[in-house]
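Welcome! Please take a moment to look over the sequence and the 3D view before reading on.

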Amino acid sequence: MISMIQFSDVTTWIHQLLSSCMAPWLVFLIELVVAAVAAVVALLVCVIIMVYMERKVAGHMQLRHGPNRVGWHGLCQLFADIIKLLLKESFTPTRADKLLFTVAPVLSLCVSLLALAPISWGPGLVLWNTNIGVLFVTAISSMGVIGILMAGWSSNNKYALLGAMRSGAQIVSYELSAGLSIVTIVALAGTLNTGGIIESQANGWWVLKGHLPAIFAFIIYIIASTAECNRAPFDLAEAESELTAGYHTEYSGMQFGIFYLNEYINMGVVAMIASTLFLGGWQPFYLPFDFPLAHAFNDIMALKFMETWPAWISWVSLAWPLVWFFGKLFLIIFFMMWFRWTFPRLRIDQLLKLEWKYLLPLSIVNLVIVALFIVLGLHF
Amino acid sequence: MKALYNYLKEVAFAFVSLANGLLLTLKYFVTPWKSIITENYPDNRDHPSVADEFAGEVILIHDENNEHKCTACTLCQMACPNNSIQIISKQVETEDGKKKKVLDQWVYHLEMCTFCKQCIDACPQDAIKMINSYELSCFDRSTLTKVLNRPGSKLKEKAKVTPKVQE
């Protein structure tokens with residue numbers, strides 16, 4: 001697959017085309033805008049699929065049909081909802097802090113979109129190929145709570161404030177174990193660059209070749225990231241039954257829509273990080289064993305048989321890493337939805353107990369074990 | 001050491017119980033044709049599946065001879081918490097000159113009924129029951145006040161208990 005057409009060929013071709021007729025600064029500007037728009041559009045398409053998927057998963061898990069009136073099997077339900085939100089008034093309460101109230105949704109949307117920058121979507125398909133990619137994402141995703149706190153505090157509503165405060169406590173706590181489980185994989189891969197981490201998994205995903213500690217880290221990361229996304233069973237920030245809607249109680253219309261969108265973008269980002277670190281990003285499935293059947297399987301997975309095919313067909317192989325990337329993305333998202341519609345919400349003391357008494361000690365011990373593995377050279 | 005063992009045991013049991021819940025919802029998710037219990041109501045109007053126990057409205061049981069079992073004792077009227085039952089009785093004279101109270105109109109105010117089934121429990125004759133009808137709404141409130149006994153219906157004669165002949 002590597003010898004065939006790659007994304008870097010496409011991007012260099014676009015770059016040369018633009019450079020031949022424009023000034024360098026204009027080329028840079030256009031490339032930035034085009035890349036950002038492409039990433040955001042790809043993510044928005046994912047969000048549309050995720051919202052539909054969430055409603056169907058929720059429906060079937062609760063013995064319901066889910067949306068089934070608008071369009072075929074309710075496929076157009078989301079568009080009807082968006083049109084409704086766009087037509088509604090974005091109301092600001094009289095006593096609210098108007099500036100912060102307006103800024104909060106936009107800020108949290110910006111923060112969650114920023115986390116997209118260092119993510120590697122395919123081989124050579126990365127917005128910002130930086131050597132601190134994973135660090136950048138963890139730093140940015142912990143900033144997301146500022147938007148929530150801002151929304152809760154400026155609403156001048158006790159439910160909103162309580163939800164925002166809970167969300168603050170929750171995200172500060174769960175950052176720790178999420179960070180430690182990320183460090184586990186960073187230590188195994190030896191790099192913070194997302195592309196580098198994915199390439200280090202060409203001979204097997206970390207969750208497979210990192211022994212038990214990598215599986216532990218994966219489980220801890222999934223739990224902690226669910227909490228960071230403020231999703232059930234950790235949805236204390238918006239706990240419908242206690243706090244009406246938590247931090248976005250006072251929001252309506254498209255401002256509420258942005259918070260809703262934000263939740264799904266966060267989920268997407270978290271799932272992308274999980275698939276990058278643990279499930280090999282855009283790498284196809286690889287069996288890290290040494291017998292003929294495994295080799296044959298790995299060759300098929302790497303599309304070795306397509307090398308002899310005519311060149312125009314090999315364009316198809318361009319989509320192969322993307323299929324794997326989005327497949328893993330939606331697998332993890334399905335897991336998060338599955339958790340949401342199965343588990344009841346935790347109390348705030350149970351939430352903090354889970355983090356500080358269980359997840360954090362376990363992830364520290366796990367990190368020490370991984371460090372021992374690396375020192376002793378026990379990993380693949 | 002014991003504390004550490006207990007700690008790890010707690011973690012392991014937590015995962016087992018979480019997995020139980022996850023497997024149940026996964027079963028529901030992958031077999032929707034078996035598990036979904038919601039009705040596509042207006043679409044399946046001609047073949048609805050409503051439980052027999054569903055308390056829709058009160059009816060007075062009539063048999064094929066247009067006879068009911070209500071003796072107009074008004075126990076149901078007294079049991080009703082919100083006065084949705086009104087028993088109007090009349091005095092009739094029987095052949096042997098006795099005066100007897102019989103049912104004239106069994107008035108049911110459906111608009112006030114809370115479907116609590118207390119009238120059914122109170123009835124000593126099992127003359128009334130609740131059926132599982134559910135499309136009860138209408139545009140005119142007065143149509144909700146119903147007379148349950150059919151015109152021309154009368155009290156069912158009790159089967160004569162013949163005393164056992166001792167031999």
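Which residue in β4(B) is the bridge partner of Ile85(B)? The partner is Tyr108(B). Keep in mind that this is a predicted model.

**The sheet in chain B**

That bridge belongs to the pairing of β3(B) with β4(B), which is antiparallel and runs over nine bridges. If you step back a little, you will find an open sheet of three strands in chain B, ordered β3-β4-β6 and paired in the antiparallel sense. At its edges stand β3 and β6 of chain B; each has a single partner strand, so one side of each is left without a neighbour in the sheet. On average, neighbouring strands of this sheet are turned by 30° against each other, with direction ignored.

Here are the strands with their residue ranges:

| Strand | Residues |
|---|---|
| β3 (chain B) | residues 85–93 |
| β4 (chain B) | residues 99–109 |
| β6 (chain B) | residues 145–147 |

**The domains of chain B**

Chain B is divided into two parts: domain 1 covers 2–35, and domain 2 covers 57–155. Between the C-alpha centres of these two domains of chain B there are 53 Å.

**A cysteine in chain A**

Now turn to chain A. Where does Cys21(A) sit? You will find Cys21(A) in the loop that lies between α1 (7–19) and α2 (24–61) of chain A. Is Cys21(A) buried or exposed? Cys21(A) is exposed, because its relative accessible area is 54%, and exposed means over 50%. Along the chain, Cys21(A) and Leu116(A) are 95 residues apart, and their C-alpha atoms are separated by 30 Å.

Terms used:
Residues are numbered from 1 along each chain as its sequence is written. Chains are lettered from A and ligands numbered from 1 in the order in which they are written. This is a predicted model: local features need pLDDT of at least 70, side-chain atom pairs count only at pLDDT 80 or more; totals for chains, interfaces and linings use all residues. Side-chain values use heavy atoms; hydrogens and water are left out. Helices (H or I, at least four residues) and strands (E, at least two) are DSSP runs, numbered from the N terminus. Buried means under 20% relative accessible area, exposed over 50%, partly exposed in between (1.4 Å probe, protein chains only). Domain bounds come from an automatic or database domain assignment. Two strands pair if DSSP finds at least two bridges between them. Axes are lines fitted to C-alpha atoms, for helices over the stretch in contact, and angles run from 0 to 180 degrees between N-to-C directions.
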